[in-house]
Amino acid sequence: MGAFYGFDEYYLILVVPTILLSLWAQFKVKSTFNKYSQIHSSKRISGAQAAQLLLQANNISNVSIESVGGSLTDHYDPAHHVLRLSQPVYGETSIAAVGVAAHETGHAIQHARGYGPLALRSILVPVANIGSSMGPWIAVAGLAMSFNILLNLGILLFAGAVAFYLITLPVEFNASSRALTILSQNQVLSDEELGGVRKVLSAAAMTYVASALTALMSLIRLVLLSRRRR
């Protein structure tokens with residue numbers, strides 16, 4: 001069991017590079033967001049105002065917009081039809097604020113249009129919560145006791161969590177694509193300003209890619225360790 005917690009060759013080869021990528025992605029998204037948070041949009045429209053405008057442009061009237069604490073804590077809650085924007089986004093008029101607000105509005109539009117991957121991700125939420133918190137521990141217990149049924153159950157549960165991370169990728173990429181399109185179509189930002197938004201959203205997308213890779217490589221490592229122990 002020590003190999004699972006320690007720095008075995010699978011961990012060094014598969015997991016460590018993705019952890020380093022995640023750290024770089026987190027630094028990149030924060031630095032890019034901070035950079036474009038200093039540049040106000042030419043129309044001086046706030047994140048909340050941009051979100052409201054884009055919702056109206058897409059004939060969505062059942063989504064409310066709320067301010068939430070923290071930084072980069074922005075999200076759309078499909079269960080309650082609420083768009084929650086962080087303080088650096090909700091009332092700020094920066095290019096970064098408008099871009100992030102538009103991205104989250106993209107999720108609201110996905111929900112309204114019945115976007116399949118978003119619906120699938122919502123279904124996988126409880127599976128992901130259980131799989132990420134309990135899956136590895138159950139698998140480790142199976143490894144320690146040489147109990148294959150327990151080992152396979154742990155791997156299966158963790159695979160559910162990995163599936164959630166993977167389905168998140170098209171959901172996030174599509175939301176960013178929608179954001180750029182609707183900002184352009186509604187002339188909320190200029191072409192130059194849209195370039196800044198694209199950089200912010202691309203940096204944010206990399207964090208999702210890194211998270212998915214870390215989860216996937218961790219699953220592969222677990223499978224390889226299970227085969228070596230049997």
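Let me start with one residue, Ala 102, which is found in helix H5. This is a predicted model, and I will ask you to keep that in mind for everything that follows.

Is Ala 102 buried or exposed? Its relative accessibility comes out at 0%, and because buried means under 20%, Ala 102 counts as buried. If we set aside residues up to four places away in sequence, Ala 102 touches Leu 54, Ala 179, Ile 182 and Leu 183. There is also a pairing with Thr 181 that I would like you to find on the screen, since Ala 102 and Thr 181 are separated by 79 residues in sequence, yet their C-alpha atoms are 9.7 Å apart in space.

Now let me turn to the helix that carries this alanine. Helix H5 runs over 95–113, and it has 19 residues, reaching 26 Å from its first C-alpha to its last, which is close to the 27 Å expected at 1.5 Å a residue. H5 is mostly covered, with 16 of its 19 residues buried. What follows H5? The helix is followed by Gly 114, whose phi is positive, near 70°.

With that helix in view, let me step back to the whole chain. The chain contains eight helices and three strands, and, reading from the N terminus, its elements run α-α-α-β-β-β-α-α-α-α-α. Taken along the principal axes, the C-alpha atoms fill a box of roughly 65 × 35 × 25 Å. Of the 230 residues in the chain, 46% count as buried. If we consider the contacts with a separation of 6 or more, 73% of them are between residues 24 or more positions apart.

Next, the nonpolar interior. The largest nonpolar core has 34 residues, and those with the most contacts inside it are Leu 85 and Leu 183. Two or more residues of this core come from each of H2, helix H3 (47–57), strand E3 (82–86), H5, H7 and H8. Which element gives the largest share of this core? That is H5, the helix we began with, which supplies nine residues. As for Leu 183, we have already met this residue as a contact of Ala 102, and, again without counting residues up to four places away in sequence, Leu 183 touches Leu 54, Val 98, Ala 102, Val 188, Leu 189, Leu 194 and Val 197. Apart from the largest core lies another core, of 10 residues, among them Leu 151, Ala 161, Ala 215 and Leu 219.

Strand E3 deserves a brief word of its own, and I will use Ser 86, which has its place in that strand. Ser 86 counts as buried, because its relative accessibility is 1%. Leaving aside neighbours within four places in sequence, Ser 86 is in contact with Val 68, Gly 70, Ser 71, Leu 72, Thr 73 and Asp 74.

That brings me to the pockets. The largest pocket has a volume of about 410 Å³. Of the 17 residues that line the largest pocket, the closest to its centre are Val 29, Leu 72, Ala 204, Thr 207 and Tyr 208. At least two lining residues come from each of helix H2 (9–37), helix H5, helix H7 (148–185) and helix H8 (191–229), and the largest share, six residues, comes from H8. By class, this lining has nine nonpolar, four polar and four charged residues.

The second largest pocket holds about 350 Å³ of space. It is lined by 17 residues, of which Arg 121, Phe 164, Thr 168, Glu 172 and Tyr 208 are the closest to its centre. The elements giving two or more residues to this lining are strand E2 (75–77), H5, helix H6 (116–145), H7 and H8. The lining residues of this second pocket divide into eight nonpolar, five polar and four charged.

I will finish in helix H7, with Ile 167. This residue counts as buried because its relative accessibility is 17%, where the cut-off for buried is under 20%. Not counting residues up to four places away in sequence, Ile 167 touches Pro 117, Leu 120, Arg 121 and Leu 124, and Arg 121 was named a moment ago among the residues closest to the centre of the second largest pocket. Finally, Ile 167 and Leu 157 are 10 residues apart in sequence, and 16 Å apart in space from C-alpha to C-alpha.

Conventions
Residues numbered from 1 in each chain as written. Predicted model: local features only at pLDDT ≥ 70, side-chain atom pairs only at ≥ 80, totals over all residues. Heavy atoms only, no water. 1 Å grid on protein atoms, 1.4 Å probe; cavity = no way out; pocket = protein on both sides within 12 Å on 5 of 7 lines; lining within 4 Å. Points joined across faces, edges and corners; volume = space filled by probe spheres on them. Helix = DSSP H or I, 4+ residues; strand = E, 2+ residues; numbered from the N terminus. Nonpolar A, V, L, I, M, F, W, Y, C, P; charged D, E, K, R; others polar. Buried < 20%, exposed > 50% of the residue type's maximum accessible area, 1.4 Å probe, protein only. Contact = heavy atoms within 4.5 Å. Expected span 1.5 Å × (residues − 1). Core = buried A, V, L, I, M, F, W, Y, C linked by side-chain atoms within 4.5 Å.
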